[in-house]
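Hi there,

Here is the structure I promised to pass on to you. Have a look at it first, and then read my notes below.

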Amino acid sequence: KQWYQRRVRVEVVPKDLNNIRACMMCSLLKNTEQFTTDGCDNCEQWLNLRNNRERVYDCTSPNYEGMIALTNPDESWVARWQRIRGLVRGMYAISVNGKLPAHVQRELERQGIKYKSRDLGM
């Protein structure tokens, strides 16, 4: 596809700067309503955020450092460095403060998913 055909879905980009949260698994940035309505575009199959505000609060964090606009996830050296290569185009946090709750980490482990915290301060 041509570069102009590979556009970011508008709903993946935060609709406003209020209530932005970062997914603790992939660091995608969206506002609370977007996570509640659509889930995480990368992790929904494991985190099940859609239509579950409590789960959104458990698995996302309002505390994060920096932002990356990812437009070419397969070829970006920044994506490789941030461990977001191959994920959806969108806005990502450089570091997400906190980690997934223990019960969510156990669920991931049962599904064979290895969780690695996105908190660079840990």
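Let's begin with a single residue: Ser117 is partly exposed, because its relative accessible area is 21%, and buried would mean under 20%. Ser117 sits in the segment after H5. If you want a feel for distances, compare Ser117 with Val13: they are 104 residues apart in sequence, and their C-alpha atoms are 22 Å apart in space. Please keep in mind that this is a predicted model.

Now try another residue. Is Asn31 buried or exposed? With a relative accessibility of 7%, Asn31 counts as buried. You will find Asn31 in strand E2, which covers residues 29-31. Setting aside neighbours within four places in sequence, Asn31 is in contact with Lys15, Asp16, Asn18, Asn19 and Ile20. Trp77, on the other hand, is 26 Å from Asn31, C-alpha to C-alpha, with their positions 46 residues apart in sequence.

Next, the whole chain. The protein chain has five helices and five strands, and reading along the sequence gives the order β-β-α-α-α-β-β-α-β-α. Its radius of gyration is 14 Å, close to the 14 Å that the globule rule gives for 122 residues, so the chain is as compact as a globular protein of that length. Along the principal axes, the C-alpha atoms fill a box of roughly 40 × 25 × 25 Å. Of the contacts with a separation of 6 or more, 51% join residues 24 or more positions apart.

What about inside and outside? Buried residues make up 40% of the 122 residues. The chain exposes about 7300 Å², and carbon and sulfur atoms supply 48% of that area. There are 20 positive and 14 negative side chains, and the centres of these two sets lie 5 Å apart.

Finally, the core. In soluble globular proteins, nonpolar side chains tend to be buried together. Here, the largest nonpolar core has 28 residues, and Cys23, Cys40, Leu47 and Leu100 touch the most other members. Strands E1, E4 and E5 and helices H3 and H5 each supply at least two residues of this core. Which element gives the most? E5 does, with four residues. Leu100 is a good place to zoom in: leaving out neighbours within four places in sequence, Leu100 is in contact with Met24, Leu47, Asp58, Cys59, Gln105, Leu108 and Tyr115.

Enjoy exploring!

Best wishes

Definitions and conventions
Residues are numbered from 1 along each chain as its sequence is written. This is a predicted model: local features need pLDDT of at least 70, side-chain atom pairs count only at pLDDT 80 or more; totals for chains, interfaces and linings use all residues. Side-chain values use heavy atoms; hydrogens and water are left out. The radius of gyration is taken over C-alpha atoms; the globule rule is 2.2 Å times the number of residues to the power 0.38. Buried means under 20% relative accessible area, exposed over 50%, partly exposed in between (1.4 Å probe, protein chains only). Contact means heavy atoms within 4.5 Å. Accessible areas come from the Shrake-Rupley method with a 1.4 Å probe; for residues, only the protein chains shown count as cover. Lys and Arg count as positive and Asp and Glu as negative; His and the chain ends are not counted. The place of a charge is taken as NZ of Lys, CZ of Arg, CG of Asp or CD of Glu. A nonpolar core is a set of buried Ala, Val, Leu, Ile, Met, Phe, Trp, Tyr and Cys residues joined through side-chain atoms within 4.5 Å.
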